Amino acid sequence: MRNPGLLLIAVLILAVGTFSLRVAGPLLRTRFELPERAQQLMSAATVVLLAALVATAALTAGHGAAGIARPAGVLVGGILAWRKVPFVLVILAAAATAAGLRLIGVP
Amino acid sequence: MRSIWRTLRQDLGRPLARDIALVCLADGVVGLSYGAISVGGGLQFWVPVLLSLLVFAGASQFLFVGIVAAGGSPIAATIAGLLVNSRHVAFGLAVSDVIGGGWKKIPGSHLMTDENVAFALGQDDPRRKRAAYWVCGIGIFVCWNLGVFAGARLGSVITDTDVLGLDAAFPAVLLALVLPSLRDRSTRTAALVGVVVALAATPFLPAGLPVLFALVGLVFYRVGRPVEEEAVR
C-alpha cells in the first residue's frame, strides 16, 4: 500500500522545486542567457523521459509484459495522432481498442 | 471586467486571442484525461488535483503519476519531475522582462508554461508580449485545473479502468503530446535508445527507475540545427 504521507511530501518537494526552477530566471534578471546547447539538451531530455514513460506504460505491467490489448490500443492512438486526428478522438480510439479487444477475450 | 477584457483583446489582437483560447481549451481536455486516468489508475483524488495547483506542469505531472501508479517510489517520481521541469530555468531567463518586476515575479513564474512562453516570444511588441504571456498563462491555469478537477471526479466514479481501456489511454495521450518533438532526428534517436534501455531495465529495476535510466539515450543526442518549439508541457 502506498504511503499517503510520503506521497504528499513528494508532491510538495516537486512543487517547491518546480517553482524554484521557474523563478530562477526572473530573479537572476540579468541579460544572461542559457547557451542554446543547454536549452536544446533540456528539451531533448524531456522528450526522452516522456518517450520512455510511454513505452513502459504501454508495454509493461510490473516486471513483465502488458499483454496485447493495451499496446494495441496505444498503437491505434499513436497512428491517429500521427495522422493529426483531434486529440479527443485519439484518446477515445485508444481506450475503445483496448476495451474492445478485452471484450472478445484478448488479454 | 468587460473593459479589462476589451483592453487585453486590443493588446492581443483578434487572431492571437483566438489561438490562445484554443490552446487553453485543448489543455483543459488534456487535464480532463489526466485527472480521470490518474484516479482511475488507483491514485487518490487529491494527488492529481494538488499536483495541478501547486506544480502546474503537465509533463512532470504525467511522469509523477505514471511512476507512482506503476508502483514506483515517490522519490523517483519527484526526481523525474524535477529533471523535466529544469527547462523552466531557460524559459525564465527568456521571459524575465515580459513578466515584469516586484511581486509580479511570484505569480508570473508560477504561470510559466511551454505554451505562454512560446506565445510571448512570438510577439514583437512588448505590450503584446506581456498580454500574451499573462492571458495565456492565466487561461491555461484555469482550464488545466478545472479539467483535472472534473476528470478526477469522473475517475472516482469509474471502478474498473481495464474494462474501459483507460490503461491504454494514458500512454496514448502522452504519445500524442510527444510525437511532434520526435520529428527532430537527433531527438528521435536519443528517445529510441532511451526507450530500449528503459524496457530492458524494467524486469530488473524497481518501477520508476527504468524511466530515469532512459536518459542514457542523451549520449546519442547531437545539438544541430535549431529545433522546433516544443509541444510538450
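1. At 1% relative accessibility, F62(B) counts as buried. The structure is a predicted model, and F62(B) is a convenient place to enter it. The ring of F62(B) pairs with that of F170(B): the centres are 5.8 Å apart and the planes stand at 40°. Because an angle of over 60 degrees would be needed for edge-to-face and one under 30 degrees for stacked, the pair is classed as tilted. F170(B) is buried as well, with a relative accessibility of 9%.

2. Where do F62(B) and F170(B) lie? F62(B) belongs to helix α4 (residues 58-69) of chain B and F170(B) to helix α11 (residues 166-178) of chain B, so the pair ties together parts 108 residues apart in sequence. Ring pairs also join F62(B) and F170(B) with Y34(B) and W144(B) in a cluster.

3. Over all chains, the number of aromatic pairs is six. One of them is formed by F45(B) and F149(B), whose ring centres are 5.4 Å apart with the planes at 80°, so this pair is edge-to-face. F45(B) sits in the loop between α2 (14-40) and α3 (46-54) of chain B, while F149(B) is in helix α9 (residues 126-157) of chain B. The two are 104 residues apart, and the pair links distant parts of the chain.

4. Are F45(B) and F149(B) buried or exposed? F45(B) is partly exposed, at a relative accessible area of 26%, and F149(B) is partly exposed too, at 39%. F45(B) has a further partner: the charged end of R153(B) sits over its ring, 5.3 Å from the centre.

5. Helix α8 (residues 114-121) of chain B is largely enclosed by the rest of the structure, because six of its eight residues are buried. Those buried are D114(B), E115(B), N116(B), V117(B), F119(B) and A120(B). The elements that cover them include α2, α6 (87-99) and α9 of chain B.

6. One of the buried residues of α8(B), D114(B), forms a salt bridge with R87(B), at 3.0 Å from N to O. D114(B) lies in helix α8 and R87(B) in helix α6 of chain B, so the bridge ties together parts that are 27 residues apart in sequence. D114(B) is buried at a relative accessible area of 3%; R87(B) is also buried, at 3%.

7. How many salt bridges are there over all chains? The count is four. Among them is the one between the side chains of R102(A) and D167(B), at 2.7 Å from N to O. R102(A) lies in helix α4 (residues 87-103) of chain A and D167(B) in helix α11 of chain B, so this pair joins two chains. R102(A) is partly exposed, with a relative accessible area of 22%, whereas D167(B) is buried at 13%. R70(A) is linked with R102(A) and D167(B) in a network of salt bridges.

8. R18(B) and D19(B) also meet through their side chains in a salt bridge, at 3.7 Å from N to O. R18(B) is exposed, at 53% relative accessibility, and D19(B) is partly exposed, at 32%.

9. Another link between the chains involves T18(A), in helix α1 (residues 4-28) of chain A. Its side chain makes a polar contact with the side chain of N85(B), at 2.9 Å. Apart from neighbours within four places in sequence, T18(A) is in contact with V55(B), L82(B) and N85(B). T18(A) is buried, with a relative accessible area of 1%.

10. In soluble globular proteins, nonpolar side chains tend to be buried together. In this model the largest nonpolar core has 88 residues, and I20(B), L51(B), F64(B) and Y133(B) touch the most other members. Helix α2 (residues 36-59) of chain A gives the most to this core, with 13 residues.

11. What does L51(B) touch, not counting residues up to four places away in sequence? From chain A there are V11(A) and L14(A). From chain B there are Y34(B), W46(B), F56(B), Q61(B), F64(B) and V65(B). Apart from the largest core lies another core, of five residues, including L34(A), M42(A), V89(B) and A90(B).

Notes
Residues are numbered from 1 along each chain as its sequence is written. Chains are lettered from A and ligands numbered from 1 in the order in which they are written. This is a predicted model: local features need pLDDT of at least 70, side-chain atom pairs count only at pLDDT 80 or more; totals for chains, interfaces and linings use all residues. Side-chain values use heavy atoms; hydrogens and water are left out. Rings of Phe, Tyr and Trp (its six-membered ring) pair if their centres lie within 6.5 Å; planes under 30 degrees apart count as stacked, over 60 as edge-to-face and the rest as tilted. Helices (H or I, at least four residues) and strands (E, at least two) are DSSP runs, numbered from the N terminus. Buried means under 20% relative accessible area, exposed over 50%, partly exposed in between (1.4 Å probe, protein chains only). A charge sits over a ring if NZ of Lys or CZ of Arg is within 6 Å of the ring centre and within 35 degrees of the ring normal. Contact means heavy atoms within 4.5 Å. A polar contact is a pair of N or O atoms within 3.5 Å; within protein, one must be able to donate a hydrogen and the other to accept it, and residues adjacent in sequence count only if both atoms are side-chain atoms. A nonpolar core is a set of buried Ala, Val, Leu, Ile, Met, Phe, Trp, Tyr and Cys residues joined through side-chain atoms within 4.5 Å.
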